[in-house]
Amino acid sequence: MATAPPAVETVELRKSYGGVVVLDGLTLRVARGSVHALLGPNGAGKTTTVRILATLTAPDGGAARVDGHDVVRDRRRVRRSISLAGQHAALDDAQTGRENLEMMARLAGLTRSAARRRAAELLERFDLVAPAGRRVATYSGGMRRRLDLAASLVGEPSVIFLDEPTTGLDPRSRQGLWEVVGELAGAGVTVLLTTQYLEEADRLADRIAVLHGGGLAAEGTPSELKRRFGAHRLELTMHDTTSFADAAVRLGDRVTHRDPVRLELAVTTDGSGTQVRDLLDEADPDRRGIARFTVRGATLDDVFLTLTSRPMAAGRREVAGV
Amino acid sequence: MSELTARPADALVMVGRCVRLSRRNVDALLTSLLLPVILMLLFVYLFGGAIDTGSAYVTYVVPGVLLLCAGFGAASTAVSVTTDLATGVIERFRTMDVGGTAILAGHVVASVVRNAVATVLVLAVAVAIGFRPAVDPPRWLAAAGVLLLFLLAVSWLSAAFGLLARTPEAANGFTFLAMFLPYPSSAFVPVETMPTWLRGFADHQPVTPVIETLRALLLDTPAGSAPAHAVAWCLGILVISMVVAAVLFRRRIA
């Protein structure tokens, strides 16, 4: 029996716009039912990737499949299982919230009465019952984004692409949207979202793909990435060369920085008390070797910046090293 | 090809959408309804006295005004198509596998509906100020048919212009072209009164045979070859515009 194909799969995807390379051989797999975040700065190729997967743009090279269907050759099939919600709410300003949803539901193939029921259900679920009869032009940013997301769910897609779903939203609306994404994932929908915010990726995603320069700079679960690229750095200054050597052996390849002259060692940590205490105990079980220690707070954003500011070749090596 | 094949149900939903959107665009709606009426009053009462057409000027000018109104109203399709492309809503339609034909057909049919309403209004005012068409319902139906065909042709042509324009302002330029074309025709003054070089153009441009056909049908006068020319022009414009629009749509979304 053949195993089910991944929800989303790209192989060596390439795309240039007017000589500018946007995607330079991106290979990515998104497991069925997972939430996957594409993280990267502006111009990293996030939106282009999503547009190719959503059948809106054809790739120059490589292949992309959704639910096992090729996004170019089997465009129709792909369109039956996907939906796209973006940073620019794709709605008619002059129609009411309810009219927009009913229209989308009819286009998704529902009968008039089924469309009406589906719209009512989604309005309820997205807390839009009160403004349902108002024109979208009068909606706040958060309301529009919720309606846009509701509109993308009329056809009950199995894969949903969210292109920067919370860009420009206030913290409360962002929170609300995160909850909805959580519910979607809970219902078994595969979610591929792009974001510039590490916090968002960390909060929502099962796996994060960091895009840089049109390729994959790093990929893994949020905790893997944090472990690898470290949110914090524990810096130890040892008493003497013996304790320095012992600690270096005990910490092994977790050591990211060593300076035998100044007797300094550094390891990455999540900064939590438990982990720092454990690391100290491990490096120095007799509690005699460490002269001083410092926990240097680096935010996840710093990690992201480090990862996406180095030249591409170095970024690529990071993947190879996994 | 799948971008362009329309499922009939999608096209119907798109028509409903565009009709609703036009109904809510109050400014544009008022302009497209009132401007033709004002133009007619202007021609009849301001210029009409000075123009000798051999009959009551109102009788002569009404078919021309109907056409001016149709051209102008249909031209606004260009603006609505460009505006639509500027928002993200077309992309959502595409990810839902709604074809370009359905999307454009929505705009075109809404334009035809809008202009049919404007035409009825103009006719009502025309009758109120003394226009007396021949009482012959089959001919009225034929006239309505020719007018609808003309509306359809100009609306598709306009949709093609809308796909070509990058901004709604640019698309609006097409309105001027459509509004200008009825002037050097038999719409407001008999072609014989024009200088020879202009006559050549006026006689052989699409608006003149359509107007002559409407005149013949509404006033029960001999039509000659005008109806054949009118239908040929309209069908020609319609087919070419549809093909060009299909090509432009595909290029625009790539």
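Domain bounds, as I use them today, come from an automatic or database domain assignment. With that in mind, hello everyone, and let's look at this predicted model together. For chain A, the assignment gives domain 1, residues 8–226, and domain 2, residues 232–297. How far apart are the centres of domain 1 and domain 2 of chain A? Taken over C-alpha atoms, the separation is 43 Å.

Let's stay with chain A for a moment. Its secondary structure comes to twelve helices and 14 strands. Chain A has 322 residues, and 50% of them count as buried. Now think about contacts in chain A between residues at least 6 apart in sequence: 66% of these join residues at least 24 apart.

Here is one helix to find on your screen. Helix α1 of chain A covers residues 46–53, and it is mostly covered, with six of its eight residues buried. Which residues of α1(A) are buried? They are A:Lys46, A:Thr48, A:Thr49, A:Val50, A:Ile52 and A:Leu53. It helps to remember a bit of helix geometry here. An α-helix has 3.6 residues a turn, so residues three or four places apart point the same way. After α1(A) comes A:Thr55, and its phi is positive, near 65°.

Next, please move to A:Glu219, which sits in strand β10 of chain A, residues 215–220. What does the side chain of A:Glu219 make a polar contact with? One partner is the side chain of A:His36, at 3.0 Å. Another is the side chain of A:Arg207, also listed at 3.0 Å. If we leave aside neighbours within four places in sequence, A:Glu219 is in contact with several residues, including A:Arg29, A:Ile208, A:Ala209 and A:Leu225. A:Glu224 and A:Arg228 are among its contacts too.

Now for the place where the two chains meet. Chain A brings 27 residues to the contact, and chain B brings 23 residues. About 2300 Å² of area is buried between chain A and chain B, and carbon and sulfur atoms give 50% of that. Which residues of chain A lose the most area to chain B? The answer is A:Arg76, A:Arg79 and A:Leu107, which together make up 31% of what that side buries.

There is charge at this meeting place as well. Between chain A and chain B the count is seven salt bridges. One of them pairs B:Asp97 with A:Arg76, where the closest N and O atoms are 2.7 Å apart. So A:Arg76 appears twice in our story: in that salt bridge, and among the residues of chain A that lose the most area to chain B. The count of residue pairs in polar contact between the two chains is twelve. Four elements of chain A give two or more residues to the side that touches chain B: α2 (75–81), β6 (82–85), α3 (97–107) and α5 (141–152). Of these, α3(A) gives the most, with five residues.Let's cross over to chain B and find B:His107, in helix α5, residues 100–128. Is B:His107 buried or exposed? B:His107 is buried, because its relative accessible area is 6% and buried means under 20%. The side chain of B:His107 is joined to that of B:Asp84 by a polar contact of 2.8 Å. B:His107 and B:Val15 are 92 residues apart along the chain, yet their C-alpha atoms are separated by 6.7 Å. Leaving aside neighbours within four places in sequence, the contacts of B:His107 include B:Arg17, B:Cys18, B:Thr77 and B:Ser80.

A second spot in chain B is B:Ser158, found in helix α6, residues 137–164. B:Ser158 counts as buried, because its relative accessibility is 0%. A polar atom of the B:Ser158 side chain lies 2.9 Å from the backbone oxygen of B:Ala75. Not counting residues up to four places away in sequence, B:Ser158 touches B:Ala74, B:Ala75, B:Ser76, B:Thr77, B:Ala78 and B:Phe174. Notice that B:Thr77 is touched by B:Ser158 and is also in contact with B:His107.

Let's finish with the cysteines. A disulfide is a covalent bond between the sulfur atoms of two cysteines. How many disulfides are there over all chains? The count comes to zero. Take B:Cys18, which is in no disulfide: the nearest cysteine sulfur is that of B:Cys69, 19 Å away. For a disulfide the sulfur atoms would have to be within 2.5 Å. B:Cys69 is in no disulfide either, and its nearest cysteine sulfur, that of B:Cys234, is 15 Å away. B:Cys18 counts as buried at 4% relative accessibility, and B:Cys69 counts as buried at 2%.

Conventions
Residues numbered from 1 in each chain as written. Chains lettered and ligands numbered in written order. Predicted model: local features only at pLDDT ≥ 70, side-chain atom pairs only at ≥ 80, totals over all residues. Heavy atoms only, no water. Buried < 20%, exposed > 50% of the residue type's maximum accessible area, 1.4 Å probe, protein only. Contact = heavy atoms within 4.5 Å. Buried area = accessible area lost by both parts, 1.4 Å probe. Salt bridge = Lys/Arg side-chain N within 4 Å of Asp/Glu carboxyl O. Polar contact = N/O pair within 3.5 Å; in protein donor to acceptor, adjacent residues only side chain to side chain.
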